[in-house]
Structure formats: structure tokens, C-alpha cells
Amino acid sequence: MRRVLILLLLSFPFCVAQAQSSGRPETFGGSLPDRWLLGAEVYLWGASVGGESRSGDNIDIGFDELVKDLEMGFMGTLAASRNEWTVFADMIYLNVSDDIRQTVRFRGDLFRVGADIDLEGFVSTLGGAYRFYQSDSTRLNLTLGARYLDLDVDVTGRVDRFGRFRISRSGSVWDGVIGLRGKTDLDDRWYLTYYADVGGGDSDSTWQALAAVNYRCYRYDIVGGYRYLKWNFDRSPYFDDLDLSGFFAGVKFSF
């Protein structure tokens, strides 16, 4: 994480020296009408995992714990645009672990419970976008698509006087989502991007919100912002709701 942040900070002076004004082709409604433009974004997301378990316990895994227990992670976005049309895929992969140690009361007796939880998850939002509004400074896109969440949960633990136990489950949900993605220029180099969607399907509901500040360089843009992603479940054996949230920083480019 430190290396990525240091790289971004070191690249900023060079980016300022090489920055260019707006007007170059961009994905999500800013492409040329006669050819497809491909774009990609790679970023570090300081995500925390939160929510509530089916038993009513709060889930709270901070970013420091997430990085400490992270086995593998990937986050990125791919997009292809032509004129006012765009197709895109946003992907997140995390493999993390956490441990729970607490005392519970059952029928008047106290029991010491300990459990190790391994959580492997893949999230992808796939869809298309149509630019329906454009002015000198602002561009708005209507998005329509689907969000896929796949979770593998493995719980091993021990309860005093009862011994060890293990529970392993996996499941996935598909949800249709509709949203709005926009961009507003502040000047020739600085601009804002924002995105929100909401939907449902296999889960009771899901929604997402994102806002970012962007700086144009010669061949790439530096991006920093905040992202929140949440699900509410009605049939999950483990979670009533689950959310990922935190600040992110990265770069995006077109080719």
C-alpha cells in the first residue's frame, strides 16, 4: 500500500508538468463516433468490511486488519466506448481472514467461543451506459446492468465444553442495477466523476455510490475518491447485510 501511494505522489509533479487540457477522447460518452475507445482503471481501495450477521452480531473489519490479513486482492475497471455508448466491467477480488473471540451466555451458563473466519469474495458490476446529456462542462450517462457477488465462507472454531467445529459454505447472488454516472469539468485539468446505482434480485437490495477528484496528465489521469457498496440479504445463512467502503486512489488511461 505504501509503495502504491508513494508512486502516486512521486508521479504527481511529473503529471503536472505534462498535463494537458480537456478535449481528448474519453470513455463513458466522450469517445469518437467512428471507432471504439478502450479505457482501464487500476486502483488501491482502502476498503473496510462491515455489516451484520444473521445472529445479530456486527461485522467490522477495518482496512488495517484487511491489509494485515489480505492474501490476495485485485480491483479494476475496464470500459469500451463509441460515441454516446459504453460497455463496462468493474471487478473486485478479495481473500481475507479474521478471528472472533467472545463470551456468550446460554441457559444461564457462560461459554468461551473462538472462531477463525476466512472470506473469499468476488464482485463484478457489468453493464452498459448511454450518454443522455452533455454541456460544455458536464456529461451524464444512464447505466443499466447486473452485479454479481460470490462469497466463500469457511469458519473453524471451538466452544468450551463442546469442542471444535467447522462450517464451510459458498453462495452467489445476481442483482439487476440501474444507475447514473457523471463527469463535471472544474477547469482544463481538474474534473469530478460520480456514480450511483441501486437494484435487487437474488439479494433483497444492493446499492453503490462513488465520488472522485481527477487530474489530467498527458497519457493518464490520477484519481482519488470514496466508494461505498452494500447488500441487504433475506436468504443468506450468514449475513443480514454486508458493505464495503473506503477511500481509493489510482490511475486511469485510454488506448
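**Asking how each label was earned**

Guide: V223 lies in strand β11, which spans residues 221-232. Keep in mind as we go that this is a predicted model.

Visitor: Why is V223 called buried?

Guide: Its relative accessible area is 5%. Buried means under 20%, so V223, at 5%, earns the word.

Visitor: What does V223 touch, leaving out residues up to four places away in sequence?

Guide: V223 touches E41, A212, V213, N214, F248, A249, G250 and K252. Each of these contacts means heavy atoms within 4.5 Å. As for A212, it is eleven residues from V223 in sequence, and the two C-alpha atoms are 6.6 Å apart in space.

Visitor: How many helices and strands does the chain have, and in what pattern?

Guide: There are two helices and twelve strands. Read along the sequence, they run α-β-β-β-α-β-β-β-β-β-β-β-β-β. Of the 255 residues, 44% count as buried. Among contacts with a separation of 6 or more, 62% are between residues 24 or more positions apart.

Visitor: Let's turn to the rings. What makes Y148 and W174 an aromatic pair, and how are their planes arranged?

Guide: A search of the whole structure finds nine aromatic pairs. One of them joins Y148 and W174, with 4.8 Å from centre to centre and 40 degrees between the planes. Ring centres must lie within 6.5 Å to pair, and 4.8 Å passes that test. Planes under 30 degrees apart count as stacked and over 60 as edge-to-face, with the rest tilted; at 40 degrees, this pair is therefore tilted.

Visitor: Where in the chain do the two partners come from?

Guide: Y148 sits in strand β7 (residues 138-159) and W174 in strand β8 (residues 163-185), 26 residues apart, and the pair links distant parts of the chain. Ring pairs also tie F122 together with Y148 and W174 into a cluster.

Visitor: Why is W174 called partly exposed?

Guide: W174 has a relative accessible area of 43%. Partly exposed covers the range between the 20% limit for buried and the 50% limit for exposed, so W174 belongs there.

Visitor: How do you know that R181 lies over the face of F28?

Guide: R181 is 3.8 Å from the ring centre of F28. The rule asks for CZ of Arg within 6 Å of the centre and within 35 degrees of the ring normal. The 3.8 Å distance satisfies the first part. A second example is K183, whose charged end sits over the ring of Y191 at 5.3 Å from its centre.

Visitor: What else marks out F28?

Guide: F28 has a positive phi of about 60 degrees although it is not a glycine. This residue lies in the loop between α1 (2-18) and β1. F28 is buried because its relative accessible area is 7%, under the 20% limit.

Visitor: Which loop holds N83, and why is N83 called partly exposed?

Guide: N83 is in the loop between β4 and β5. Its phi is also positive, near 55 degrees, in a residue other than glycine. The relative accessible area of N83 is 27%; that falls between 20% and 50%, so partly exposed is the right label.

Visitor: How many cavities of 30 Å³ or more are there, and what lines the largest?

Guide: There are two. The largest holds about 280 Å³ of space and has 19 lining residues, of which E41, T77, D90, R181 and L210 lie nearest its centre. β10 gives the most to this lining, with four residues. By class, the lining has eight nonpolar, six polar and five charged residues.

Visitor: What lines the second largest cavity?

Guide: This cavity holds about 130 Å³. Its lining has 13 residues, with L94, L119, G121, L151 and L244 nearest the centre. β6 gives the most, four residues. The lining divides into twelve nonpolar, one polar and no charged residues. G121 is on that list, and Gly counts as polar, so G121 is the polar one.

Visitor: What about the second largest pocket? Which residues are closest to its centre?

Guide: That pocket has a volume of about 530 Å³. It is lined by 29 residues, and P25, E26, T27, F253 and S254 are the closest to its centre. β1 provides the largest share, four residues. The classes here are eleven nonpolar, eight polar and ten charged.

How values were computed. Residues are numbered from 1 along each chain as its sequence is written. This is a predicted model: local features need pLDDT of at least 70, side-chain atom pairs count only at pLDDT 80 or more; totals for chains, interfaces and linings use all residues. Side-chain values use heavy atoms; hydrogens and water are left out. Rings of Phe, Tyr and Trp (its six-membered ring) pair if their centres lie within 6.5 Å; planes under 30 degrees apart count as stacked, over 60 as edge-to-face and the rest as tilted. Buried means under 20% relative accessible area, exposed over 50%, partly exposed in between (1.4 Å probe, protein chains only). On a 1 Å grid over the protein atoms alone, a cavity is a set of points where a 1.4 Å probe fits but cannot get out, and a pocket is an open set with protein on both sides within 12 Å along at least five of seven lines; lining residues have an atom within 4 Å of a point. Grid points are joined across faces, edges and corners, and a volume is the space filled by probe spheres set on the points.
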